Amino acid sequence: MRFIDLFAGLGGFHVALEELGHECVFASEKKEHLAKLYEQNFGIDVNRDITKVRIEEIPHFDILCAGFPCQPFSKAGDQLGLEDERNGNLFDKLVEIIDYHKPKYFILENVRNLKSHDNFNTWKYIKDKLENKIKYHIDDKILSPHNFGIPQHRERIFIIGSKNGLNHFNWPEKKDSTKSVLDFLEKTPSNFTKLEDEKIEVLKLWQEFINCIPLNDNLPSFPIWSMEFGATYPFEDEIPFRTPDYTLENSKGNFGIPLKGMTREEKFNNLPNYVKKNQLDKKTKKPIPFPNWKKHYIRSNRAFYEKYRTELEPVVEKIKKLGVSSWQKFEWNVQGGERDLSKYIIQFRGSGVRIKKTDFFPSLVTVSTQIPIIGWENRYITSSEGARIQSLNGISLPKNLGSCFGALGNAVNANLVKIIAENLINDLDNNNPIETVNQLVENS
């Protein structure tokens, strides 16, 4: 069959469908360096702006594939959804293309948050457009590569559609076993990037931190927010932004620094970034209290420090001096595991230094500073290892490491698409010459 690849990126959909024997007849990718790379990898000219293409000039196709921009719905962004001026309306463009060409199938992919975004109103809009406006039978499911033998946690929503019904389709069955992370690592990589010395020092500090906790006691399952150690600013009933100045005057901020005698601006400069926002309810315009999970983390961190203050105080003084606030946060996601950071996979994230077990890679993301780190080798994973995790091994990749992992973070996992497409695309449709001729006439 013939397929088109929209918002193509590195070509995850292309790799998957080409392996199944289908032919790409049109591709679109906005970013210039990715468009050139796509042409290099797959030998096809790439449209650079799908919003300006004349729909009738897109060649006839049977399958539409699109990982339409996820930024409007991602928890990492502003979550403007369909109101996003740059990317929110691109879904409607997809609908126009599908409605005009009436392909047999489509496969769409996005972040899992798409479905719950805006209290499910975004999903209701999408579902109504696909089912009621253009009359497709659709289904959706949240899947991750680790469900199918690939050791990467990367949950995404897949939306499949068929013009003639989905009675033939079943979502692929999940596997019980997963390959080892070690199967995806190079034995002696030649082009690896060594972990920076300053980050090695950060890890040494956190190693010193966890060594202070008695072995008989569990390490916290909640994220460590060290700026809460010694802090007493109010947070339970009202946000600090709405707290009277005289109340803040008698409290303590980051790492227990007294706020007494400071200007209001100075007081706020000495509070953690995550409590400075003045979030207002869109309807009532009243301040929104902190969510329960945030209150729980603040409360838990303060209690944890009070319990181990004597043991922790010397190392906390060192953590206090770290120049990046996210380095002052720590996530121990290996409960019950050996207390040796060099045994694990590590990520320096905006939410903190995250320690993960070696059974799964964390989800590749578009932020180049969050490339997974192999703790026992003090190095970042290589671009070719990242491509292997995304089932894209063998294609040429961006030379710049940041651009490469940005693209890999945006990519769809080719093996996962292939498994879904195998179940969706019914080869019997290829054996109906009358329908094919009619469609060609209709689209000519």
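**Group meeting: two helix pairs and three residues**

Good morning. Ile319 touches Leu205, Trp206, Phe209, Ser226 and Gln328, leaving aside residues up to four places away in sequence. I begin with this residue in a model that is predicted, and I shall work outwards from it.

Ile319 lies in helix α8. Its relative accessibility is 0%, and it therefore counts as buried, the cut-off being under 20%. One of its partners, Ser226, stands 93 residues away along the chain, yet the C-alpha atoms of Ile319 and Ser226 are separated by 7.8 Å.

Let me turn to the helix pair in which Ile319 takes part. How do α5 and α8 run relative to each other? Helix α5 covers residues 197–211 and helix α8 covers residues 292–319; their axes come within 9 Å and cross at roughly 155°. Angles over 145 degrees count as roughly antiparallel, and α5 and α8 are therefore roughly antiparallel to each other. The hand of this crossing is right-handed. On the α5 side, the contact is made by Leu205, Trp206, Glu208 and Phe209; on the α8 side, by Phe304, Leu312, Val315, Val316, Lys318 and Ile319. Sorted by class, the contact of α5 with α8 holds eight nonpolar residues, two charged residues and no polar residue. Leu205, Trp206 and Phe209 of α5, which I have just named in this contact, are also among the residues that Ile319 touches.

The second helix pair joins elements from other parts of the chain. Helix α1, residues 12–19, and helix α11, residues 414–424, have axes that come within 8 Å and cross at roughly 45°. That angle makes α1 oblique to α11. The crossing of α1 past α11 is right-handed. Which residues meet here? From α1 they are Gly12, Phe13, Val15, Ala16, Leu17 and Glu19, and from α11 they are Ala414, Val417, Lys418 and Ala421. By class, the contact of α1 with α11 consists of seven nonpolar, one polar and two charged residues.

I should also like to draw your attention to two loop residues with positive phi. Asp118, which is not a glycine, has a phi near 50°. Asp118 sits in the loop between β4, residues 105–111, and α4, residues 121–133. Is Asp118 buried or partly exposed? At 46% relative accessibility, Asp118 counts as partly exposed.

The other residue is Ser391, again not a glycine, with a positive phi of about 60°. Ser391 belongs to the loop between α9, residues 383–389, and α10, residues 401–410. With a relative accessibility of 15%, Ser391 counts as buried. Asp118 is thus partly exposed, whereas Ser391 is buried.

Finally, I place these details in the context of the whole chain. Its secondary structure comprises twelve helices and twelve strands. The C-alpha trace spans about 80 × 60 × 40 Å along its principal axes. The chain has 444 residues, and 52% of them count as buried. Among contacts with a separation of 6 or more, 66% are between residues 24 or more positions apart. The accessible surface of the chain is about 21800 Å², and 47% of that surface belongs to carbon and sulfur atoms.

To return to the starting point: Ile319 is buried, and Ile319 is one of the residues through which α8 makes its contact with α5. Thank you.

Key:
Residues are numbered from 1 along each chain as its sequence is written. This is a predicted model: local features need pLDDT of at least 70, side-chain atom pairs count only at pLDDT 80 or more; totals for chains, interfaces and linings use all residues. Side-chain values use heavy atoms; hydrogens and water are left out. Axes are lines fitted to C-alpha atoms, for helices over the stretch in contact, and angles run from 0 to 180 degrees between N-to-C directions. Helices (H or I, at least four residues) and strands (E, at least two) are DSSP runs, numbered from the N terminus. Angles under 35 degrees count as roughly parallel, over 145 as roughly antiparallel, 65 to 115 as roughly perpendicular and the rest as oblique. A crossing is left-handed if the near helix is turned anticlockwise from the far one by less than a right angle, and right-handed if clockwise. Contact means heavy atoms within 4.5 Å. Ala, Val, Leu, Ile, Met, Phe, Trp, Tyr, Cys and Pro count as nonpolar, Asp, Glu, Lys and Arg as charged, and the others, Gly among them, as polar. Buried means under 20% relative accessible area, exposed over 50%, partly exposed in between (1.4 Å probe, protein chains only). Accessible areas come from the Shrake-Rupley method with a 1.4 Å probe; for residues, only the protein chains shown count as cover.
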